[in-house]
Amino acid sequence: MAKISKCFTTRYHPDTVKVLFVSYIFQREDLKIVKVPESGFNWQSLKNVPGFSRKFPVVLTGDGQTLLSTAGICRWLYGVDSSSTCAVLDKWCEFDSTALTPGVSDALQTDNAEGSSALQAALAILEASLAGKKRFNGDVSQPLSLVDSILFSTLLPLLSLFHQALALYPALASWYQSIQALASVEKAIMSVSTNFCEPADVEKFFKATTAQLQEQQKKQEAGDGKKGKSQQKAQKPQQKGQQKPQKAAATAAPAQPASPAPDATAEELTLIDSMWSSTEINVSNVQPRQHPILPKEEGRNILITSALPYVNNVPHLGNIIGCVLSADCYSRFCRLRNYNCLYICGTDEYGTATETKALSEGVTPQQICDKYHAIHKSVYEWFNIDFDYFGRTTTPQQTEIAQDIFWHLKSNTCLLEDDLEQLCCTNCDRFLADRFVEGTCPNCAYEVNVEVPCLFWMSASLKFEVCIFILHHTCFALSRMLAVT
């Protein structure tokens, strides 16, 4: 006999619809619904549930697991282990939680399905994904998949109240109607409403669900309004002539700032600590990387890039943390999930920063690029930053791609030509970037130099402006410029 699992949730919580529907579709009779009242509930009764933070729905499984994510609960009900990966399932679970569910909630809260841009964008993606297919995962000859069950249950409250919401999406409407006609689905829909409405009334149930969403929206807006007023009151300047309570200020103890409410409970922190300290990580199902990594028609294709470092210095710890480390962490997560992931980076070898560094060291720009590219590469390798490819912006392929983009823009009349007044050196016969000019700004009297250029000097000529190449005085001249329109 299967151990009984408990799902704690409030009466009309929207995510409960999804959990109940999936549990009925896949005949999970071991799940018991525990209805939490909207007020007067004894929260201490749930203090032993690991990780619980008053967010519903939450499932406590028969074997002691705590499931806080709605997608995680649905995967568990279907029988998919949370550590296993399925590219199609992961893709649609993420889409449901980040796009479709927020879109449906927005339409229900505003009582306007057609006017919700978030909903219409999500529906358009679903419509395009159904081109030439009857199901999002599998076909009509197979039992209803978890992907189709999750997406259907998300749309269920919306289409129970807005019957014409899919009028502009024929493929999506056909998909929805074919699933709705299944006997198992009809029974599941009635069972969902029976849990909270006696007698069973689907429309009444979803109207109550919508009313709760709208009430939550009003409370949030009211809270934001009170917060704004309190901030304005705190910032209100003291009126002229108003006396300060000197005596009280002299005798009263200084007010202590209120302690902020903790973001996590003690139980949550304990759980996080135990999970972080655990070394029991199952990597047996992680697929080895095979280069070259190319896009795949099925599955998730993720391209990860980080800011390209200039080759005019030795990278330090701040460069690592602020540039490549976060992308490296995310790429490692993607590989553990068996996503088709490509992480690329490289050194940026163009610009005046490279040229000025070459001048200071008395070498050519190409020699500077070769020197610091090797230094950057060795530093990242020492830190074990796991790029799939670490290149350079001066390769022939990079040049060919950049020039191809330029000529496409030009041939499509996407470039605008105009004159711009710029500093130039008559002796060098060249226009000067800000790094090549020194002098005193006429607006703020700031000493402009190569290291710290003034933000205002472009608007007027500098006093005693000097070209740093040969200490020759500069002048302003018109330069013909190209800009992308």
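I began with a pair: Arg-28 and Asp-30 are both buried. Buried here means under 20% relative accessible area, exposed over 50%, and partly exposed in between, with a 1.4 Å probe and protein chains only. The two residues form a salt bridge, with the closest N and O atoms 2.9 Å apart. I take a salt bridge as a side-chain nitrogen of Lys or Arg within 4 Å of a carboxyl oxygen of Asp or Glu.

**Ground rules.** This is a predicted model, in which local features need pLDDT of at least 70, side-chain atom pairs count only at pLDDT 80 or more, and totals for chains, interfaces and linings use all residues. Residues are numbered from 1 along each chain as its sequence is written, and side-chain values use heavy atoms, without hydrogens and water.

**Confidence.** I looked up pLDDT, the predictor's confidence in each residue, from 0 to 100. The chain has a mean of 77, and 67% of its residues reach 70 or more. Where did I find pLDDT under 50? It stays under 50 over residues 245-255. It also stays under 50 over residues 257-261. I checked contacts there, meaning heavy atoms within 4.5 Å. For residues 245-255 the model has 0 contacts beyond four places in sequence. For residues 257-261 the count is again 0.

**More salt bridges.** I get 15 salt bridges by this rule. In one of them, the side chains of Arg-75 and Asp-90 meet at 2.8 Å, N to O. This pair links distant parts of the chain, with Arg-75 in helix H2 (residues 70-78) and Asp-90 in helix H3 (residues 87-110), 15 residues apart. Helices (H or I, at least four residues) and strands (E, at least two) are DSSP runs, numbered from the N terminus. Arg-75 and Asp-90 are both buried.

I then turned to Asp-386 and Arg-289, whose side chains form a salt bridge at 2.6 Å, N to O. Asp-386 sits in the loop between helix H13 (365-382) and strand E7 (389-392), and Arg-289 in the loop between helix H10 (266-277) and strand E5 (301-305), so the pair ties together parts 97 residues apart in sequence. Asp-386 is partly exposed, at 22% relative accessible area. Arg-289 is partly exposed too, at 36%. I followed the links onward: Arg-289, Arg-335, Asp-386 and Asp-388 are joined in a network of salt bridges.

**Helix H1.** I checked the length of H1 (residues 14-25). The expected span of a helix is 1.5 Å times one less than its number of residues. For the 12 residues of H1 that gives 16 Å, and the end C-alpha atoms are 18 Å apart, which agrees. How many residues of H1 are buried? I find 9 of the 12, so H1 is largely enclosed by the rest of the structure. Among them are Val-17, Leu-20, Phe-21 and Ile-25, and Lys-18 is on the list as well. Just after H1, Gln-27 takes a positive phi of about 55°.

**Cysteines.** I looked for disulfides, pairs of cysteine sulfur atoms within 2.5 Å. The structure holds 0. Why does Cys-323 not bond to Cys-345? The Cys-345 sulfur is the closest cysteine sulfur to that of Cys-323, but at 5.4 Å it is too far for a bond. Cys-323 is buried, at 14% relative accessible area. Cys-414 is partly exposed, at 25%.

**Gln-366.** My last entry is in helix H13, where Gln-366 lies. At 43% relative accessibility, Gln-366 counts as partly exposed. Gln-366 and Glu-349 are 17 residues apart in sequence and 8.5 Å apart in space, C-alpha to C-alpha.
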